[in-house]
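The following exercises ask you to work through a set of geometric features step by step. Try each task on the coordinates before you read its solution.

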Amino acid sequence: MRRFATTAALVFASGLALTALAAPASAAPNFQVPFKCGVTVTAATFSGHNPANSVDFQKAGITGMPVVASAPGKVTRVENEGSTSYGRWIELDHGGGWRTRYAHLSAQEVSVGQSVGQGVEIGKAGATGGVTGPHLHFEENLNGTTQKAVLNGVAATYYGKKDFTSKNNCGGNPYSATQVCGSGFSVVDQQKLGTAGTAYLLYNATSKANCVTTLKATSLGKASPVSAFVEAKGATRVTDQGDYTYYAGPVKKTAGATCVKWGGSVGATTYESPFEHCG
């Protein structure tokens, strides 16, 4: 998951910056369930659904329930097709070719050009358009093609039904250290930075690579100083620092049996380890 810094961009920058609302095309935003924190809905997918890979969120009494932005973005479309097709629907642009759509709404509460944060209410669920019952039609689109939906790092079931409980804007960091570093990495050490956040060291036993990320716990969704670094003994330190909305990193270094020094900061609170974890 990569992102741009509001300070000078660095080679290893990744995450979400306030002035860059989304990631490059190679990585999807960390899409969340488009309902308020704690709400449980059923994500239903169907063979022959149009477009392919779209999701219908179902729940008893869903009509009138708040629909919220799955990720930070900018409103690009607010349409009303009456009793046909999507009915009332909204599209958000998350950058890097990624867009989401929310359809069959009973109400639309945003306008084209408006920027919205993750978890911000954009409308209410309903049964407008060509539907047989109330639900929320949802799409994660990359360069105009609907992708198989992934919500908070968990894939929807294709084809079938799967329950999701929303963690959207629940007050905590929506990212985890393993999500930032990627497949194959496991947490081997961590250090709390007071109440500001936590620095994590992860390791991939197959590639022998170390990965460090610092996750914020305060000022979430707002750009503020955060950093992460990793240094293999005898090699140059790799650092990512800038004004980020959720995390710094990942910074990675293949070290094998070589000891590493690692750490990070959130605001003025910093941590730097001794050389340790020597393979």
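**Exercise 1. Find how many bridges join strand 16 to strand 19, and place the two strands in their sheet.**

Strand 16 (residues 209–216) and strand 19 run antiparallel and are joined by six bridges, where strands are DSSP runs of E with at least two residues, numbered from the N terminus, and two strands pair if DSSP finds at least two bridges between them. As a single instance, Val 212 has Val 251 in strand 19 as its bridge partner. The next step is the whole sheet, which is open, consists of four strands in the order 14-15-16-19, and has antiparallel pairing. Its edge strands, each pairing on one side only, are strand 14 (186–192) and strand 19 (247–254).

The model is a predicted one, in which local features need pLDDT of at least 70 and side-chain atom pairs count only at pLDDT 80 or more, while totals for chains, interfaces and linings use all residues. Residues are numbered from 1 along each chain as its sequence is written, and side-chain values use heavy atoms, with hydrogens and water left out.

**Exercise 2. Determine how the aromatic pair of Phe 57 and Phe 138 is arranged, and where its two members lie.**

The structure holds seven aromatic pairs, a pair being two rings of Phe, Tyr or Trp (its six-membered ring) with centres within 6.5 Å, called stacked if the planes are under 30 degrees apart, edge-to-face if over 60 and tilted for the rest. For Phe 57 and Phe 138 the centres are 5.7 Å apart and the planes make an angle of 55°, so the pair is tilted. Phe 57 belongs to strand 2 (residues 55–58) and Phe 138 to strand 9 (residues 136–142), so that the pair links distant parts of the chain, 81 residues apart. Both residues are buried, that is, under 20% relative accessible area with a 1.4 Å probe and protein chains only, against over 50% for exposed and partly exposed in between. Finally, Phe 57 and Phe 138 form one aromatic cluster with Phe 35 and Tyr 102.

**Exercise 3. Decide whether Asn 141 is buried or exposed, and describe its surroundings.**

Asn 141, placed in strand 9, has a relative accessible area of 7% and is therefore buried. Its side chain makes a polar contact of 3.0 Å with that of Glu 139 (N or O atoms within 3.5 Å, one able to donate a hydrogen and the other to accept it within protein, with residues adjacent in sequence counted only if both atoms are side-chain atoms). Leaving aside residues up to four places away in sequence, Asn 141 touches Gly 97, Trp 98, Arg 99, Arg 101 and Thr 146, with contact meaning heavy atoms within 4.5 Å.
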